[in-house]
Amino acid sequence: MNVFADVPGARVALAAASGDGKSDGEVNVEDREVAVEGGEGGEGYTLGLRVYTPVSRSDAPLPVAVWIHGGGFVLGGPNAEDATCRRLTAELGIAIVAPDYRLAPEHPYPAAFDDCYAALRWVVDEADALGVDVARLALGGHSAGAALVAAVALAARDRQGPRIRYLHLGYPVLDDRLESESARAITDPKLFNRQGAAAGWEFYLQGSDPAAGYAVPGRAKDLRDLPASYILVDGVDPARDEALEFAARLSAAGNSVELHLVPGVPHMFDVLAPGIRASRRAVAAWTSAFAHGIGAS
(Lines give C-alpha, C1' and ligand atoms only; values in the text may rest on other atoms or scores of the structure.)
Protein backbone atom coordinates (compact mmCIF):
# COMPACT_ATOMS: atom_id res chain seq x y z
CA MET A 1 0.00 0.00 0.00
CA ASN A 2 1.52 3.31 -1.08
CA VAL A 3 -0.67 6.04 0.36
CA PHE A 4 1.90 8.54 -0.89
CA ALA A 5 0.99 7.97 -4.56
CA ASP A 6 -1.64 10.71 -4.08
CA VAL A 7 -0.46 12.90 -1.23
CA PRO A 8 -3.17 15.61 -1.51
CA GLY A 9 -5.90 12.98 -1.66
CA ALA A 10 -4.46 11.06 1.27
CA ARG A 11 -4.29 14.23 3.33
CA VAL A 12 -7.92 15.05 2.64
CA ALA A 13 -9.02 11.52 3.53
CA LEU A 14 -7.04 11.51 6.78
CA ALA A 15 -8.37 14.91 7.79
CA ALA A 16 -11.93 13.68 7.27
CA ALA A 17 -11.30 10.70 9.55
CA SER A 18 -9.52 12.64 12.31
CA GLY A 19 -10.73 14.33 15.48
CA ASP A 20 -12.12 17.85 15.69
CA GLY A 21 -9.78 19.33 18.30
CA LYS A 22 -12.59 20.73 20.45
CA SER A 23 -12.66 20.71 24.22
CA ASP A 24 -15.12 18.38 25.92
CA GLY A 25 -16.24 17.65 29.45
CA GLU A 26 -13.10 15.70 30.35
CA VAL A 27 -10.31 17.38 28.41
CA ASN A 28 -9.42 21.00 27.71
CA VAL A 29 -7.89 21.48 24.27
CA GLU A 30 -6.06 24.66 23.30
CA ASP A 31 -4.24 25.42 20.07
CA ARG A 32 -1.17 27.60 20.49
CA GLU A 33 1.22 29.27 18.06
CA VAL A 34 4.78 29.81 19.23
CA ALA A 35 7.66 31.62 17.61
CA VAL A 36 10.68 29.49 16.75
CA GLU A 37 14.06 30.95 15.85
CA GLY A 38 16.01 29.69 12.86
CA GLY A 39 14.41 27.40 10.34
CA GLU A 40 14.79 27.33 6.58
CA GLY A 41 16.99 30.19 5.40
CA GLY A 42 17.76 31.13 8.98
CA GLU A 43 14.42 32.90 9.35
CA GLY A 44 12.10 32.42 12.28
CA TYR A 45 8.73 30.77 11.87
CA THR A 46 5.58 29.92 13.77
CA LEU A 47 4.96 26.42 15.11
CA GLY A 48 1.50 25.18 16.00
CA LEU A 49 1.06 23.22 19.21
CA ARG A 50 -2.05 21.58 20.62
CA VAL A 51 -2.17 21.42 24.42
CA TYR A 52 -4.37 18.88 26.21
CA THR A 53 -5.07 19.10 29.95
CA PRO A 54 -7.64 17.32 32.12
CA VAL A 55 -10.66 19.40 33.08
CA SER A 56 -10.51 18.04 36.64
CA ARG A 57 -7.07 18.64 38.06
CA SER A 58 -5.51 19.72 41.30
CA ASP A 59 -3.05 22.57 41.70
CA ALA A 60 -0.15 20.10 41.63
CA PRO A 61 1.99 20.08 38.44
CA LEU A 62 1.00 17.36 35.98
CA PRO A 63 3.18 14.80 34.25
CA VAL A 64 3.57 15.88 30.63
CA ALA A 65 4.17 14.18 27.30
CA VAL A 66 5.11 15.52 23.90
CA TRP A 67 3.08 13.36 21.52
CA ILE A 68 4.27 13.21 17.89
CA HIS A 69 1.79 12.05 15.26
CA GLY A 70 2.57 9.51 12.57
CA GLY A 71 1.89 9.65 8.84
CA GLY A 72 5.11 8.69 7.12
CA PHE A 73 6.55 12.21 7.61
CA VAL A 74 4.06 13.28 4.92
CA LEU A 75 0.53 13.04 6.35
CA GLY A 76 -1.24 14.11 9.50
CA GLY A 77 -1.60 17.16 11.69
CA PRO A 78 -2.93 18.17 15.09
CA ASN A 79 -6.13 16.15 14.61
CA ALA A 80 -4.41 12.97 13.44
CA GLU A 81 -3.95 11.46 16.90
CA ASP A 82 -6.49 13.62 18.70
CA ALA A 83 -8.33 10.58 20.06
CA THR A 84 -5.15 9.08 21.52
CA CYS A 85 -4.12 12.37 23.12
CA ARG A 86 -7.58 12.86 24.64
CA ARG A 87 -7.67 9.31 25.97
CA LEU A 88 -4.26 9.55 27.63
CA THR A 89 -5.04 12.96 29.11
CA ALA A 90 -8.36 11.82 30.58
CA GLU A 91 -7.33 8.33 31.71
CA LEU A 92 -3.92 9.18 33.14
CA GLY A 93 -4.51 12.74 34.33
CA ILE A 94 -1.55 14.14 32.40
CA ALA A 95 -0.89 17.04 30.05
CA ILE A 96 0.00 16.43 26.41
CA VAL A 97 1.55 18.80 23.89
CA ALA A 98 1.20 17.73 20.24
CA PRO A 99 3.31 19.63 17.67
CA ASP A 100 1.84 20.41 14.25
CA TYR A 101 5.20 19.83 12.63
CA ARG A 102 6.01 20.70 9.03
CA LEU A 103 5.46 17.87 6.57
CA ALA A 104 7.44 16.48 3.66
CA PRO A 105 7.75 16.69 0.72
CA GLU A 106 7.21 20.45 1.04
CA HIS A 107 9.50 20.52 4.07
CA PRO A 108 12.12 17.76 4.03
CA TYR A 109 14.45 16.83 6.90
CA PRO A 110 15.32 18.50 9.23
CA ALA A 111 12.04 20.48 9.34
CA ALA A 112 9.91 17.91 11.20
CA PHE A 113 12.75 17.02 13.54
CA ASP A 114 13.47 20.68 14.30
CA ASP A 115 9.79 21.33 15.05
CA CYS A 116 9.49 18.38 17.42
CA TYR A 117 12.67 19.32 19.25
CA ALA A 118 11.40 22.91 19.51
CA ALA A 119 8.15 21.60 21.01
CA LEU A 120 10.12 19.70 23.64
CA ARG A 121 12.11 22.81 24.53
CA TRP A 122 8.94 24.91 24.68
CA VAL A 123 7.32 22.53 27.19
CA VAL A 124 10.32 22.85 29.49
CA ASP A 125 10.57 26.63 29.09
CA GLU A 126 6.84 27.09 29.75
CA ALA A 127 6.50 24.43 32.46
CA ASP A 128 5.36 26.82 35.19
CA ALA A 129 2.77 28.49 32.98
CA LEU A 130 1.50 25.10 31.79
CA GLY A 131 1.43 23.67 35.30
CA VAL A 132 3.54 20.64 34.40
CA ASP A 133 6.32 18.73 36.10
CA VAL A 134 9.31 18.39 33.76
CA ALA A 135 10.78 15.71 36.04
CA ARG A 136 7.94 13.57 34.64
CA LEU A 137 8.44 14.34 30.96
CA ALA A 138 7.87 11.73 28.25
CA LEU A 139 7.87 11.48 24.47
CA GLY A 140 5.46 9.28 22.55
CA GLY A 141 4.40 8.51 19.02
CA HIS A 142 3.57 5.88 16.45
CA SER A 143 5.13 4.95 13.11
CA ALA A 144 6.99 7.99 11.72
CA GLY A 145 6.04 9.79 14.92
CA ALA A 146 7.99 7.16 16.83
CA ALA A 147 10.99 7.73 14.55
CA LEU A 148 10.86 11.41 15.45
CA VAL A 149 10.56 10.47 19.14
CA ALA A 150 13.79 8.49 18.87
CA ALA A 151 15.53 11.28 16.96
CA VAL A 152 14.52 13.94 19.49
CA ALA A 153 15.66 11.74 22.38
CA LEU A 154 19.07 11.27 20.74
CA ALA A 155 19.40 15.02 20.18
CA ALA A 156 18.36 15.87 23.75
CA ARG A 157 21.07 13.54 25.03
CA ASP A 158 23.77 14.94 22.73
CA ARG A 159 22.87 18.58 23.27
CA GLN A 160 22.46 18.28 27.04
CA GLY A 161 18.87 19.31 26.41
CA PRO A 162 15.70 18.53 28.37
CA ARG A 163 15.91 15.39 30.46
CA ILE A 164 13.34 12.90 29.21
CA ARG A 165 12.02 10.24 31.55
CA TYR A 166 10.28 7.84 29.18
CA LEU A 167 9.78 6.99 25.50
CA HIS A 168 6.88 5.25 23.79
CA LEU A 169 7.75 3.92 20.32
CA GLY A 170 4.69 2.43 18.65
CA TYR A 171 5.55 0.32 15.57
CA PRO A 172 8.40 2.70 14.74
CA VAL A 173 9.87 3.16 11.26
CA LEU A 174 13.53 3.64 12.09
CA ASP A 175 15.70 2.75 9.10
CA ASP A 176 15.56 4.02 5.53
CA ARG A 177 17.71 1.16 4.19
CA LEU A 178 14.86 -1.41 4.32
CA GLU A 179 17.33 -4.27 4.15
CA SER A 180 15.75 -6.51 6.79
CA GLU A 181 13.90 -9.74 6.15
CA SER A 182 10.56 -8.16 7.07
CA ALA A 183 11.15 -5.19 4.75
CA ARG A 184 11.76 -7.57 1.86
CA ALA A 185 8.91 -9.92 2.76
CA ILE A 186 6.00 -7.51 3.40
CA THR A 187 4.90 -6.56 -0.11
CA ASP A 188 1.13 -7.15 0.06
CA PRO A 189 -0.41 -4.12 -1.71
CA LYS A 190 -3.32 -4.08 0.76
CA LEU A 191 -0.93 -3.41 3.67
CA PHE A 192 1.66 -0.84 4.59
CA ASN A 193 4.58 -2.41 2.77
CA ARG A 194 8.12 -1.86 1.55
CA GLN A 195 6.97 0.42 -1.26
CA GLY A 196 5.08 2.70 1.12
CA ALA A 197 7.95 2.79 3.61
CA ALA A 198 10.45 3.64 0.87
CA ALA A 199 8.24 6.45 -0.44
CA GLY A 200 7.93 8.04 3.00
CA TRP A 201 11.67 8.02 3.55
CA GLU A 202 12.31 9.38 0.04
CA PHE A 203 9.96 12.32 0.61
CA TYR A 204 11.50 13.00 4.02
CA LEU A 205 15.19 12.75 3.17
CA GLN A 206 15.24 14.23 -0.35
CA GLY A 207 18.98 13.90 -0.75
CA SER A 208 19.99 14.50 2.87
CA ASP A 209 22.76 12.24 4.12
CA PRO A 210 20.78 9.58 6.04
CA ALA A 211 23.80 8.82 8.22
CA ALA A 212 24.21 12.43 9.35
CA GLY A 213 22.44 14.25 12.13
CA TYR A 214 19.18 12.79 13.42
CA ALA A 215 17.47 11.92 10.14
CA VAL A 216 17.44 8.14 10.57
CA PRO A 217 17.54 6.86 14.18
CA GLY A 218 18.27 3.30 13.06
CA ARG A 219 21.63 4.49 11.75
CA ALA A 220 22.69 6.05 15.07
CA LYS A 221 25.93 4.45 16.23
CA ASP A 222 25.72 5.36 19.93
CA LEU A 223 22.54 4.42 21.79
CA ARG A 224 23.88 4.82 25.31
CA ASP A 225 22.25 6.96 28.02
CA LEU A 226 18.76 7.09 26.56
CA PRO A 227 15.47 7.12 28.50
CA ALA A 228 13.57 3.98 29.41
CA SER A 229 11.61 2.84 26.36
CA TYR A 230 8.54 0.83 25.45
CA ILE A 231 8.57 -0.53 21.90
CA LEU A 232 5.43 -1.97 20.32
CA VAL A 233 6.09 -4.06 17.21
CA ASP A 234 3.65 -5.45 14.64
CA GLY A 235 4.27 -8.96 13.32
CA VAL A 236 3.28 -8.24 9.70
CA ASP A 237 5.10 -4.97 9.20
CA PRO A 238 8.02 -4.05 6.93
CA ALA A 239 9.47 -2.14 9.91
CA ARG A 240 9.24 -5.15 12.26
CA ASP A 241 12.84 -6.31 12.15
CA GLU A 242 14.40 -2.85 12.31
CA ALA A 243 12.33 -2.16 15.45
CA LEU A 244 13.44 -5.47 16.99
CA GLU A 245 17.06 -4.71 16.18
CA PHE A 246 16.76 -1.21 17.65
CA ALA A 247 15.32 -2.64 20.86
CA ALA A 248 18.18 -5.13 21.10
CA ARG A 249 20.74 -2.39 20.53
CA LEU A 250 19.13 -0.16 23.15
CA SER A 251 19.28 -2.98 25.67
CA ALA A 252 22.88 -3.86 24.78
CA ALA A 253 23.80 -0.20 25.33
CA GLY A 254 22.53 -0.43 28.90
CA ASN A 255 19.11 1.16 28.54
CA SER A 256 15.84 -0.09 30.04
CA VAL A 257 13.64 -1.47 27.24
CA GLU A 258 10.23 -3.14 27.31
CA LEU A 259 9.43 -4.85 24.02
CA HIS A 260 6.03 -6.14 22.90
CA LEU A 261 5.69 -8.03 19.61
CA VAL A 262 2.11 -8.66 18.50
CA PRO A 263 2.13 -11.57 16.02
CA GLY A 264 0.02 -11.70 12.90
CA VAL A 265 -1.05 -8.05 12.80
CA PRO A 266 -0.16 -5.33 10.27
CA HIS A 267 1.24 -1.85 10.75
CA MET A 268 -1.21 0.37 12.66
CA PHE A 269 -3.40 -2.63 13.50
CA ASP A 270 -4.88 -0.90 16.54
CA VAL A 271 -6.05 2.01 14.37
CA LEU A 272 -7.30 -0.19 11.54
CA ALA A 273 -9.18 -2.59 13.83
CA PRO A 274 -9.49 -1.06 17.31
CA GLY A 275 -12.16 -3.50 18.46
CA ILE A 276 -10.27 -6.75 17.99
CA ARG A 277 -8.82 -8.52 21.01
CA ALA A 278 -5.21 -7.99 19.93
CA SER A 279 -5.76 -4.23 19.65
CA ARG A 280 -7.54 -3.92 22.98
CA ARG A 281 -4.86 -5.93 24.78
CA ALA A 282 -1.98 -4.04 23.15
CA VAL A 283 -3.44 -0.61 23.84
CA ALA A 284 -4.21 -1.51 27.46
CA ALA A 285 -0.68 -2.84 27.96
CA TRP A 286 1.19 0.11 26.52
CA THR A 287 -1.10 2.62 28.24
CA SER A 288 -0.43 1.00 31.61
CA ALA A 289 3.30 1.03 30.93
CA PHE A 290 3.12 4.68 29.81
CA ALA A 291 1.33 5.66 33.02
CA HIS A 292 4.05 4.01 35.08
CA GLY A 293 6.87 5.35 32.93
CA ILE A 294 5.71 8.97 33.06
CA GLY A 295 5.00 8.79 36.78
CA ALA A 296 1.24 9.04 36.58
CA SER A 297 0.61 5.86 38.56
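**Close-up views of a predicted model**

**View 1. F73 sits in the loop between β3 (62–68) and α2 (82–92).** Welcome to this predicted model; we start with a backbone angle worth a look. F73 is not a glycine, yet its phi is positive, at about 70°. For comparison, most residues other than glycine have a negative phi. Is F73 buried or exposed? Its relative accessibility is 2%, so F73 counts as buried, the cut-off for that class being under 20%.

**View 2. S143 has a positive phi in the loop between β5 (132–142) and α5 (144–158).** The phi of S143 is near 60°, and this residue too is something other than glycine. With 7% relative accessibility, S143 counts as buried.

**View 3. Two cis peptide bonds can be found in the loop between β4 (95–100) and α3 (111–125).** Take the bond between A104 and P105 to begin with: this peptide bond is cis, and its omega is about 0°. P105 has its place in the loop that runs between β4 and α3. Now move along to Y109 and P110, which are also joined by a cis peptide bond, here with an omega of about 15°. P110 likewise belongs to the loop between β4 and α3. As a reminder when you look at these bonds, most peptide bonds are trans.

**View 4. Helix α10 covers residues 277–294.** How far apart are the end C-alpha atoms of this helix? They are 26 Å apart, and this agrees with expectation, because 18 residues at 1.5 Å a residue should span 26 Å. The expected span is 1.5 Å times one less than the number of residues. If you would like to see which residues of α10 are buried, look for S279, A282, W286, T287, A289, F290, A291, G293 and I294. When you follow the list along the helix, keep in mind that an α-helix has 3.6 residues a turn, so residues three or four places apart point the same way. Just after α10 comes G295, with a positive phi near 85°.

**View 5. M268, V271 and L272 make a nonpolar surface patch.** The area of this patch is about 280 Å². One of its members, L272, lies in helix α9, which is made of residues 269–272. Is L272 buried or exposed? L272 counts as exposed because its relative accessibility is 60%, and the class begins at values over 50%.

Conventions: Residues are numbered from 1 along each chain as its sequence is written. This is a predicted model: local features need pLDDT of at least 70, side-chain atom pairs count only at pLDDT 80 or more; totals for chains, interfaces and linings use all residues. Side-chain values use heavy atoms; hydrogens and water are left out. Helices (H or I, at least four residues) and strands (E, at least two) are DSSP runs, numbered from the N terminus. Buried means under 20% relative accessible area, exposed over 50%, partly exposed in between (1.4 Å probe, protein chains only). Patches are made of residues with over 30% relative accessible area and no salt bridge: like charges are joined within 9 Å, nonpolar side chains (Val, Leu, Ile, Met, Phe, Trp, Tyr) within 5 Å. Accessible areas come from the Shrake-Rupley method with a 1.4 Å probe; for residues, only the protein chains shown count as cover. A salt bridge is a side-chain nitrogen of Lys or Arg within 4 Å of a carboxyl oxygen of Asp or Glu.
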